[in-house]
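Visitor: Pick a single hairpin in this model and take me through it up close. Then follow the trail from there to whatever else it leads to.

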Amino acid sequence: MRASAVPTPEATLQTQVIDLAHLQGWLAHHTRPAMNLRGEYSTPIQGDPGFPDLVLVRAGHLIIRELKAEGRRPSAEQRLWLEALEDIKYFEAGIWRPSDWPYIERILRR
């Protein structure tokens with residue numbers, strides 16, 4: 001990657017990546033922080049913190065990436081997610097309904 005004369009903030013990089021992804025036909029997902037009732041910004045999640053910034057999908061391809069400005073490092077939680085994602089040996093997509101509970105149990109107990 002070519003070094004930039006002016007440091008690029010993560011938010012700018014994210015916008016550039018999403019714009020390019022859309023131009024190339026990718027679906028893109030990013031969860032942004034929102035202001036809560038206490039007037040504080042937070043990213044509402046249920047589960048483990050540190051999930052990477054971007055999920056990109058196009059015709060049989062899945063890309064999950066954390067974006068960082070030059071010189072910034074991922075948090076311990078982000079590293080945990082990235083290490084787990086790098087080792088994926090099984091992938092499944094679809095819909096689960098309450099009636100699928102036996103199947104859900106079978107998959108999650110593997």
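Guide: One definition first: two strands count as paired if DSSP finds at least two bridges between them. Keep in mind, too, that this is a predicted model.

The hairpin I'd pick is made by β4, residues 54-58, and β5, residues 61-65. The pairing of β4 and β5 is antiparallel and runs over 5 bridges, so the cut-off of at least two bridges is met. Now look at Arg-58, which stands opposite His-61 in β5. Between the strands of this hairpin there are 2 residues. Check the backbone there: Ala-59 takes a positive phi, near 35°.

From the hairpin, β4 leads us to the largest pocket. Strand β4 supplies at least two residues of its lining, and so do α1 (10-23) and α2. Which of the elements gives the most? That's α1, with 3 residues. The pocket has a volume of about 530 Å³, and 24 residues line it. If you want to centre your view, go for His-30, Thr-31, Thr-43, Phe-51 and Asp-53, the lining residues that lie nearest the pocket's centre. As for chemistry, the lining splits into 10 nonpolar, 9 polar and 5 charged residues.

Since α2 came up as a contributor to that lining, let's stop at one of its residues. Helix α2 covers residues 76-86, and Gln-78 sits in it. Is Gln-78 buried or exposed? Its relative accessibility is 13%, so Gln-78 counts as buried; the cut-off for buried is under 20%. The side chain of Gln-78 has polar partners, too. One polar contact, at 3.0 Å, goes to the side chain of Glu-66, and another, at 3.2 Å, goes to the side chain of Lys-68. Set aside the neighbours within four places in sequence, and the residues in contact with Gln-78 are Gly-50, Glu-66 and Lys-68.

For a contrast, try Leu-37, out in the loop between β2 (34-35) and β3 (41-42). Leu-37 has 93% relative accessibility, so this leucine counts as exposed; the cut-off for exposed is over 50%. And here's a way back to where we started: Leu-37 and Leu-54 are 17 residues apart in sequence, with 26 Å between their C-alpha atoms. Position 54 falls within β4, residues 54-58, which closes our loop at the hairpin.

Note on methods. Residues are numbered from 1 along each chain as its sequence is written. This is a predicted model: local features need pLDDT of at least 70, side-chain atom pairs count only at pLDDT 80 or more; totals for chains, interfaces and linings use all residues. Side-chain values use heavy atoms; hydrogens and water are left out. Helices (H or I, at least four residues) and strands (E, at least two) are DSSP runs, numbered from the N terminus. Buried means under 20% relative accessible area, exposed over 50%, partly exposed in between (1.4 Å probe, protein chains only). A polar contact is a pair of N or O atoms within 3.5 Å; within protein, one must be able to donate a hydrogen and the other to accept it, and residues adjacent in sequence count only if both atoms are side-chain atoms. Contact means heavy atoms within 4.5 Å. On a 1 Å grid over the protein atoms alone, a cavity is a set of points where a 1.4 Å probe fits but cannot get out, and a pocket is an open set with protein on both sides within 12 Å along at least five of seven lines; lining residues have an atom within 4 Å of a point. Grid points are joined across faces, edges and corners, and a volume is the space filled by probe spheres set on the points. Ala, Val, Leu, Ile, Met, Phe, Trp, Tyr, Cys and Pro count as nonpolar, Asp, Glu, Lys and Arg as charged, and the others, Gly among them, as polar.
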